[in-house]
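The exercises below are meant to be worked through with the model in view. Try each task before reading its solution.

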Amino acid sequence: MMHRAVSQSCILLHHSYQVATRRITTSLGSGKPPKCGGSGLILARRWFGVGSTSNVTARRTFFAWYSKKLDTHPVTTKCISAGLISSVGNILAQKITHLQKEEENELGRELEPFQLELAQVSRFSLLNMAFVAPVLHHWYQFINRALPGTSLSRVVQRTFWDEFVFSPVYIPIFLGMLWKLEGNSNENIWKMTKSEVPSIIMAEWVTWVPTMLVTFRYVPVKFQVLVINVVGVVWQTFLAYMANNAHKGNAFDDAMN
C-alpha cells in the first residue's frame with residue numbers, strides 16, 4: 001500500500017541518519033575533520049535534524065512524527081489514515097469497474113470516459129473514518145489486553161478471534177451501513193448481504209489470516225492499524241469493488257423475478 005512505501009522510506013531515512021551521525025561523532029572524537037566537510041555537515045544537520053539535543057531527540061522524520069501522533073492522538077490519527085486509504089481504494093475500484101465495462105463491451109459501443117464519482121468516494125471514506133477506524137482501534141486494544149504476548153499460541157488465539165468471530169459480524173454491519181448510505185431499501189440490503197457477504201468473508205480469511213498472524217506476532221499494538229491500512233489498500237479496493245457490483249447482482253435478480 002501507499003503507507004508501506006512511505007513507512008519503508010522513513011525507516012531507510014532513519015537508518016541513514018544513524019549512519020551519518022555515527023560517522024560524524026567518530027570523526028569528531030578522533031580529532032579528525034569529518035569527511036563530509038563543513039558544508040556537508042551543515043547539510044546533514046539540516047536534513048537529519050542534527051542541530052541540538054531536542055532536534056536529535058525529535059528525529060524529524062515522517063515515521064517519528066506519525067508514531068508520536070499515534071501516542072498523542074491515536075484515534076484521530078487512525079481515522080485520518082483510514083479515510084485517505086479507503087479513498088484510494090474506492091477510486092481504484094471505480095477505475096477497475098470502468099475498465100471491466102470496456103472489456104465487456106462486445107458490441108463496440110462508444111462508452112463514456114471514466115468519471116470519478118466523488119459522492120461514492122465520500123461515503124466510503126466517511127464510513128471508514130467514523131466507523132471502521134474507531135472500531136478497529138478499540139478492538140485491537142481489547143484483544144491485545146485480553147490475550148497478551150507474542151508466543152505462537154497467543155498469536156493463533158488472537159487471529160482466531162479476530163478473523164472467525166469478529167470479522168463475520170463486522171463485515172455485514174459495515175456493508176449494510178454503506179448500502180444504507182447509498183439509499184438502498186432494507187430488502188435490497190438483505191439480498192446483497194446474502195449474495196455477497198459469504199464470498200467476501202472467504203476472501204477476508206485468505207487475505208487477513210496470514211496478515212494478522214504476522215501482525216500480532218511482530219508489530220507493536222499502536223502500529224497494528226497502520227500495517228492493516230498498508231494491506232488494506234488492496235482490501236479496500238476489493239471491498240469497494242464487491243460493494244459496487246452487488247448492485248448488478250440485485251438488478252439481475254429483480255429482472256429475472
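## Exercise 1: The nonpolar surface patch

Task: In this predicted model, find which helix gives the most to the nonpolar patch and which residues make that patch.

Solution. Helix 8 gives the most to the nonpolar patch, contributing 3 residues. The patch as a whole covers about 500 Å² of surface and is made by Leu 152, Val 156, Leu 213, Val 214 and Tyr 218. Two elements give two or more residues to it, namely helix 7 (152–181) and helix 8 (186–218).

The next step is to look at one residue from each of these helices. Leu 152 is found in helix 7, and because its relative accessibility is 57%, it counts as exposed. Leu 213 belongs to helix 8, and because its relative accessibility is 32%, it counts as partly exposed.

The last step is to see what surrounds Leu 213. Leaving out residues up to four places away in sequence, Leu 213 touches Val 155, Val 156 and Thr 159. The C-alpha atoms of Leu 213 and Gln 157 are 9.6 Å apart, although 56 residues separate the two in sequence.

## Exercise 2: The overall fold

Task: Determine how many helices and how many strands the protein chain has, and how much of the chain is buried.

Solution. Begin with the elements: the protein chain has 9 helices and 0 strands, and read along the sequence it follows the pattern α-α-α-α-α-α-α-α-α. Then turn to burial, where buried residues make up 40% of the 257 residues in the chain. The chain exposes about 15000 Å², of which carbon and sulfur atoms supply 64%. Finally, consider the contacts between residues at least 6 apart in sequence: 75% of them join residues at least 24 apart.

## Exercise 3: The nonpolar cores

Task: Identify which residues of the largest nonpolar core touch the most other members, and which elements give two or more residues to this core.

Solution. It helps to start from a general tendency: in soluble globular proteins, nonpolar side chains tend to be buried together. In this model the largest nonpolar core has 35 residues, and those that touch the most other members are Tyr 140, Ile 171, Phe 174, Leu 175, Ile 200, Trp 235 and Leu 239. The elements that give two or more residues to this core are helix 6 (118–146), helix 7, helix 8 and helix 9, and the largest share, 9 residues, comes from helix 8.

One of these members, Trp 235, can be followed further: leaving aside neighbours within four places in sequence, Trp 235 is in contact with Ile 171, Ile 200, Ala 203, Glu 204, Thr 207 and Trp 208. Apart from the largest core lies another, of 5 residues, among them Tyr 66, Leu 70, Val 219 and Phe 223.

A further step concerns the rings. The structure holds 13 aromatic pairs, and ring pairs link Phe 124, Phe 131, Trp 139, Phe 142, Phe 166, Tyr 170 and Phe 174 into a cluster.

## Exercise 4: Two threonines

Task: Decide whether Thr 77 and Thr 237 are buried or exposed, and list what each one touches.

Solution. Take Thr 77 to begin with, which lies in helix 5 (residues 74–103). Buried means under 20% relative accessible area, so Thr 77, at 10%, counts as buried. Not counting residues up to four places away in sequence, Thr 77 touches Tyr 66, Lys 69 and Leu 70.

Thr 237 lies in helix 9 (residues 221–256), and because its relative accessibility is 9%, it counts as buried. With the residues up to four places away again left out, Thr 237 touches Gly 89, Leu 92, Ala 93, Ile 96 and Gly 232. Ile 96 is 141 residues away from Thr 237 along the chain, while their C-alpha atoms are separated by 9.0 Å.

## Exercise 5: The salt bridge

Task: Locate the residue with which Glu 187 forms a salt bridge, and describe how accessible the two partners are.

Solution. The count comes to 1 salt bridge. Glu 187 forms it with Lys 191, the closest N and O atoms being 4.0 Å apart. Both residues lie in helix 8, 4 residues apart, which is about one turn of the helix. As for accessibility, Glu 187 is exposed, with a relative accessible area of 55%, whereas Lys 191, at 26%, counts as partly exposed.

Conventions. Residues are numbered from 1 along each chain as its sequence is written. This is a predicted model: local features need pLDDT of at least 70, side-chain atom pairs count only at pLDDT 80 or more; totals for chains, interfaces and linings use all residues. Side-chain values use heavy atoms; hydrogens and water are left out. Rings of Phe, Tyr and Trp (its six-membered ring) pair if their centres lie within 6.5 Å; planes under 30 degrees apart count as stacked, over 60 as edge-to-face and the rest as tilted. Patches are made of residues with over 30% relative accessible area and no salt bridge: like charges are joined within 9 Å, nonpolar side chains (Val, Leu, Ile, Met, Phe, Trp, Tyr) within 5 Å. Accessible areas come from the Shrake-Rupley method with a 1.4 Å probe; for residues, only the protein chains shown count as cover. A salt bridge is a side-chain nitrogen of Lys or Arg within 4 Å of a carboxyl oxygen of Asp or Glu. Buried means under 20% relative accessible area, exposed over 50%, partly exposed in between (1.4 Å probe, protein chains only). Contact means heavy atoms within 4.5 Å. A nonpolar core is a set of buried Ala, Val, Leu, Ile, Met, Phe, Trp, Tyr and Cys residues joined through side-chain atoms within 4.5 Å.
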